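Open your viewer and keep the selection panel handy. We will go from stop to stop, with a note on what to pick and what you will find there.

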Amino acid sequence: MQTPSSAELPRRRFCLHAAKTGVAASVLGFPSLSNARARPRTNKIIVLGVDGMDPTLTENFMRAGLLPNCSRLAKQGTFARLGTSDPPQSPVAWSNFIAGTNPGGHGIFDFIARDSATLQPHLSTTKTSAGSRQLALGNYRIPLQTADTELLRQGPVLWDLLEDAGVESTVFRAPVNFPPSKTTSARTLSGITTPDVKGGYGEFTLFTESPFRSQGTVPGGHIERITLRRGQCETYLTGPENPFDARISHASIPVKIEVNRKRTMARVQLPARELLLKEGEWSSWVQVSFHLLPAVASVSGICRFYLKQTSPHLELYVSPVNIDPKDPAMPISSPGSYARELADQVGYFYTQGMPEDTSALSAGVFDDAEFRQQATFVLHERLKFFDHEVNRYENGFFYFYFSSLDLNSHALWRSLDSEHPMHSQAVAKDHGDFLPWIYRQIDQAIGIAIDMAGDDGTVLALSDHGFSSFRRQFNLNSWLLDHGYAAAKNPLDREEAAMFANTRWNGTRAYGLGINSLYVNLRGREPEGVVNPGDDYENLRAELQERLQSIRDPKTGGRVVHRVYRREDIYSGPYVEQAPDLIIGYDKHHRASWGTILGEYPVEHLLDNEDPWSGDHCMDATFLPGVLLSNRKLRLRDPQLTDLPVSILAACGIPAPGEMIGRDAFA
Amino acid sequence: MVTRVIRFFEWLAAFLADWLNPVVSLTQLGPHGGHWLGVTLAALVLALLLLLGLKACSNQEQMRRRKGQVGALFLEMHLFRHDPVMNLCTIGRMLKTVLLQLSLWLKPLACLSLPMLLLLSLYQNYLEDRPLRPGEELLVKAIFASREEADNGRGISLTSSAPNVLVETEAFHSPSEPVILWRIRAAAAMTPSRGLAEVPLRLHQANGEEAARIPIKIAPTSDKLESLADLIFVPRSTRAVHVPRSIEIGYPAREWYFWSRRFHWLVVLFVLTLGWMFLLKRPLRTEF
């Protein structure tokens, strides 16, 4: 790995380094102290973050001889179950790894959080504040303040501590790191939680002639009905919101589509690019530019086109428009040139945090084979970048993140679980080999990492959580409503209203928001709080704990909720007050329904999960440990995610800061 | 009319480029990222042309005098900054002087416009598009004079004479334009020894007669040759012997980035040319 020159370091940080090393050494006369801090004990640490790698599957595949490199690590050093976060959600778990604290120390408690002043849900990891001041010139609005996106993860940052101690750090697709810190001197590329150009987690577009699809927005996508006349049509690809023009809400680019059904081909004309696609073919990355204000402001993005079919109805899929790494509309790397350098040297790549398009699969836009094709492309792309980055690695801290196991396990767990409602012989036969194949690909990457680290380096392959089947979904808010803990404005219209639009707050004592979070409508904290702090609050929490833990699934006879935790029992640190009042650890195979997460009240409390999204990990943390593989022997019997940053710092001879709660895991 | 003029300049630039290709390609030589060296040298040539043209065609003495007058007026404004009436008069005089100075540019601009236009057309060939890299694809478009002619060309076919260039699709007949398209892909890198060679595609009519040979430029993987071959002229348009009227090759656009901001090549060239002009104005004793 190249040594970053001083020119690459932010000026302030460089001055700080100079001050620390130079002034302390020469003026105070402590050269040995200064040198000791700069000289790490080991300077080769490779960490592969494999999201969703399950220990049971890993163990089975190792036993079957499918993962020779994992077996090699297990024999030479460590294979262990790694204690995950509460709840075991990726943003929470990876934040535990980055900060070395539990959620009380970094402030990320769920995928979704709420603004306690308005109770509006928002993504827990970032907050975007649009500039409120603007100048109106006819139809145009000139913002006088720029919008600001802020990373909400708090606490220490592993790679910053390493960099401060002189250990070069490269972090590829760092989870929960969007936008990257402006002051870090590590090379980082944002990973999970990086949005597309529209600001969400990724929204595909499907242009379709089919009368069986209805126009409009579906979760994670948009369906645009088109009509071909003489084999052609003109339509628009919608881009980001346009804050400059009062007449239109979103910027868009014209798309002209021509079809030759006989030859099963289509021509797609964009303002600066033309494509010719055969049926079933994907285009390479296409750079598109959305003009917000003519000649003044535009947003650049990249997307891929997939010609699903030409007859009987044309269907053309467009991937979410990813942030262009060569001309990013929002910062996605530190330094800013890192993303462009990667794109120049290796090619365009998915910059959105969760690139496998599970939304298209759930919406029926992709069938399993098409999803698998897209997911395979993502994995190949990642492996190409891994190859590139690992080949220039020489020393320091190198972290590389793989999303493939997580998102593909979500989508295709049903191919392995014969009791899942969406399981079928066909799925098992056609796609039962896919997850094992991905495990083998990851195993090969681990093999490369072992070779690169050599005898003196440290290799860690770890996952943030394991996986379980998601067979039954629980409508927590419906249960609260029907048991008198919540009140609806219109009890007869429960299905339609989302985002708590149907909630009568002055009659609501508790509400579920996010996947594992339950909040009390507390007086003085919530705008229309009804529960008094003190005994009322404690009694309500105790009552909810008891009643939720006693719910039985009528279909299986088993428990729905394994355990409900009070926040102060599992969290410590300065951000505990921001945590949900209760954290729900669902029992195996159960999870919160999609509707309840954003404040809906469907009629049924428990129902089968009939979505292709069939595997999950948002259950009780005790069921879902991650994996820890290392070429070093483990000292602890119950390693936790929070132990790893402390162990990495210790391996470099750097003392862990006081906020970190972990222990040095290795002998 | 406008289209004809544009086509004439395109033809003229392509004609010049064919002749000057070896010379201009030399200006693109350099280490990794050599296209920046290329554009810097291109800007130097343009700056020299402008400075020498200005020196020859403009009244240099008067230009110098007008500049001196503007400087004096600035000083006057500074000295009498507390006197608004005086200031207004000075601003008026300054505007007049600037306009007079600009009028001195008219003659040299008239003299230089044609050579500048030709030079820019020539540069466009080098700075706007780049050759295909291994793995990349492009569209080859056969353009016909009319829909009837395009319909008559239904049996037309495109073949590649090299194994590393694949014609990936059948002919696509556009329902709205008199064009037929194919997609080709550089499946593998050119060997370094053939780094500068072209791969000819052959366009055959239905009766088997060869309608055109289309040279496709592909970059090699060799680092040493890449900077050169990546920057050689890529002819976007080729005239066919019979029908179709012409053939267009959609090469990838060359990208110009500075601090992660994308710029049009004309902006890059303009800024660098200005830089060179300021650097060389004293040695060449030219005022502007």
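Start by selecting T193(A), which sits in the loop between β10 (187-190) and β11 (204-208) of chain A; helices (H or I, at least four residues) and strands (E, at least two) are DSSP runs, numbered from the N terminus. The phi of T193(A) is near 85°, a positive value in a residue other than glycine. Most residues other than glycine have a negative phi, and most peptide bonds are trans.

Before moving on, a word on the model: it is predicted, with local features needing pLDDT of at least 70 and side-chain atom pairs counting only at pLDDT 80 or more, while totals for chains, interfaces and linings use all residues. Residues are numbered from 1 along each chain as its sequence is written, chains are lettered from A and ligands numbered from 1 in the order in which they are written, and side-chain values use heavy atoms, with hydrogens and water left out.

Next, pick P87(A), in the loop between β2 (78-82) and α5 (90-99) of chain A. The peptide bond leading from D86(A) to P87(A) is cis, with omega near -5°. Then jump to P312(A), in the loop between β20 and β21 (315-318) of chain A. Here the bond from S311(A) to P312(A) is also cis, and its omega is near 5°.

While β20 is on screen, show the side chains of K308(A) and E370(A): they meet in a salt bridge, 2.8 Å from N to O. (A salt bridge is a side-chain nitrogen of Lys or Arg within 4 Å of a carboxyl oxygen of Asp or Glu.) K308(A) belongs to strand β20 (residues 305-309) and E370(A) to helix α10 (residues 368-391) of chain A, so this pair ties together parts that are 62 residues apart in sequence. Over all chains, the whole structure has 50 salt bridges.

**Around helix α13**

Now colour α10(A) and α13(A). Their axes are 11 Å apart and the packing angle is about 0°, which makes α10(A) roughly parallel to α13(A). Axes are lines fitted to C-alpha atoms, for helices over the stretch in contact, and angles run from 0 to 180 degrees between N-to-C directions; angles under 35 degrees count as roughly parallel, over 145 as roughly antiparallel, 65 to 115 as roughly perpendicular and the rest as oblique. Among the α10(A) residues that meet α13(A) are L379(A), L383(A) and F386(A), and the α13(A) side includes W437(A), I442(A) and M452(A); contact means heavy atoms within 4.5 Å. The residues of this contact divide into 13 nonpolar, three polar and one charged. (Ala, Val, Leu, Ile, Met, Phe, Trp, Tyr, Cys and Pro count as nonpolar, Asp, Glu, Lys and Arg as charged, and the others, Gly among them, as polar.)

Add helix α11 (residues 404-412) of chain A, whose axis comes within 10 Å of that of α13 (residues 434-453) and crosses it at roughly 175°. That makes α11(A) roughly antiparallel to α13(A). L405(A) and L412(A) are among the α11(A) residues in this contact, and Y439(A) is one of their counterparts in α13(A). Seven nonpolar, three polar and no charged residues make up the contact of α11(A) with α13(A).

How do the axes of α4 (residues 68-76) and α13(A) cross? They come within 7 Å and cross at roughly 50°, which makes α4(A) oblique to α13(A). Select P68(A) and R72(A) in α4(A), and I446(A) and D451(A) in α13(A), as examples including both sides of the contact. This contact has five nonpolar, three polar and three charged residues.

**Across to chain B**

Finally, show both chains. In chain A, 30 residues are in contact with 22 residues of chain B. Between them the chains bury about 2000 Å², 43% of it on carbon and sulfur atoms; buried area is the accessible area (1.4 Å probe) that two parts lose on being put together, summed over both. R263(A), R267(A) and L276(A) supply 29% of the area that chain A buries against chain B, more than any other three residues.

Five salt bridges link chain A and chain B. To view a salt bridge here, select E274(A) and K141(B), whose closest N and O atoms are 3.1 Å apart.
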